[in-house]
Amino acid sequence: MKFYKETEFKETPIGKIPKKWKITNLGSIAKIYAGNTAPQDEKYFKNGKYPFIRVQHLTVLQEQKYPIKYDLINEYAVSDLKLKKFKKGSIIFPKSGESIRLEKRAILKEDSYVVNHLAVVEPFHENIDNLFLFYYLCTVKTSNYLLKTTMPSLNLSTISNFLVPLPPIKEQQTIAEILSTVDKAIQRTDEIIAKTERLKKALMNELLMGRIRVREEKGKPVFYRETEFQETEIGKIPREWKTVKLKEILILRNGKRPTLSEKGWIPVYGANGIMGYTTDFLIDNDYTIVIGRVGASGEVHLVQGKIWVSDNALYSEKFNSSKVFMPFLYYLLKDKKLGRFAHKTTHPIITQSFLNNLPIQLPSLAEQRIIADILLTIDGAIELYCKEKNTLGRLKKGLMDVLLTGKIRVVED
């Protein structure tokens, strides 16, 4: 496989493309369909076995998150409603509704029935590669072609007139192979992230309730199963652990309305996390726990150093370092899902009084540190994988920009 920079271009309605590339409209190389009216009666889903694809399935199809939980319809739906089945490999995207603006595209992984809010593209011409066409359609802003109606929509005629570049078929296949390889790498990274997050969730549940204990031997954590428990208001915890009220180990304060600044460098934390920057700080501690008070109430953040905290959040002004290791407390509070305790008002709110009296379980300080170190290590791995995924995403975007426009050409050796 060889890459080279193209030097000879021609102007077209879709921009500059190589002189030797052709251009055509979508309708001349593919059949364009609207999907089916969705079955409504429950009888059409009883013992269903045929996939019925709706708009909400686009994301999992596009990101290839398996298994995909389709709606399944039965043979009575197909025959009674005269539904059309679309071939595996067909390209689908929204043609009506606000979802058009999301610019989602996907490929059917199996023969399926599709809802009428989606357009279906079935390539039929020998000079077009299905996967190349999919990647090219991912670059077409369908929202630029919307009809001026109350509900955003595209008609099939408009879709048929989308212009498509046609490199030589071998080049199309090579471009599609390159982009597909990057997509597979993104998918593998997604799977690793999902598995690591499941591991973290399972470990948190066991370690934070003491069902699995951990101690350090020769500098390494050793896990063992606990057998002796005590009953508490929190539930069963190891006999040697203690329960305390949150106010016994830290002092909570309400945040204050910030003055955001474009020149600021100190993060301002609100209920949802960083909401901007300022030039002054409210607290400067080794560790500060920030808890959403209004809106995203119960959300928990662990921060180090200088920060400002908005008035829609609470923060730990002081903590007792002889009793609690703050990263451990951060994971413990995350695991308690504090949002479920918020008062259900127009804007859900969690009160300082409630948090002060929240009972929590505390192992020894040494065990707290080991548990927190384990969970911090897992979080660090997840962060690295997320960075890798973002890097792959940028690589894919860059490759699409140069390969699908012919700025960089690719040929087989």
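Let me begin with a convention: angles under 35 degrees count as roughly parallel, over 145 as roughly antiparallel, 65 to 115 as roughly perpendicular, and the rest as oblique. The model is predicted, with local features needing pLDDT of at least 70 and side-chain atom pairs counting only at pLDDT 80 or more, whereas totals for chains, interfaces and linings use all residues. Residues are numbered from 1 along each chain as its sequence is written, and side-chain values use heavy atoms, leaving out hydrogens and water.

I turn first to a helix pair. The axes of H6 (residues 326-335) and H8 (residues 365-403) come within 8 Å and cross at roughly 70°; the two helices are therefore roughly perpendicular to each other. On the H6 side, Pro327, Phe328 and Tyr331 are in contact (heavy atoms within 4.5 Å) with Gln368, Ile371, Ala372, Leu375, Leu376 and Asp379 of H8. By class, this contact has 7 nonpolar, 1 polar and 1 charged residues.

Next, Thr196, which lies in helix H5 (residues 169-208). Is Thr196 buried or exposed? With a relative accessibility of 14%, Thr196 is buried, where buried means under 20% relative accessible area, exposed over 50%, and partly exposed in between, for a 1.4 Å probe and protein chains only. Its side chain reaches the backbone oxygen of Ile192 at 2.7 Å. Leaving aside residues up to four places away in sequence, Thr196 touches Ile378, Ile382 and Tyr385.

Finally, Leu156 belongs to helix H4 (residues 156-160) and is partly exposed, at 29% relative accessible area. Beyond four places in sequence, Leu156 touches Ile32, Tyr33, Ala34 and Lys95. The C-alpha atoms of Leu156 and Thr391 are separated by 36 Å, with their positions 235 residues apart along the chain.

Note on methods. Axes are lines fitted to C-alpha atoms, for helices over the stretch in contact, and angles run from 0 to 180 degrees between N-to-C directions. Helices (H or I, at least four residues) and strands (E, at least two) are DSSP runs, numbered from the N terminus. Ala, Val, Leu, Ile, Met, Phe, Trp, Tyr, Cys and Pro count as nonpolar, Asp, Glu, Lys and Arg as charged, and the others, Gly among them, as polar. A polar contact is a pair of N or O atoms within 3.5 Å; within protein, one must be able to donate a hydrogen and the other to accept it, and residues adjacent in sequence count only if both atoms are side-chain atoms.
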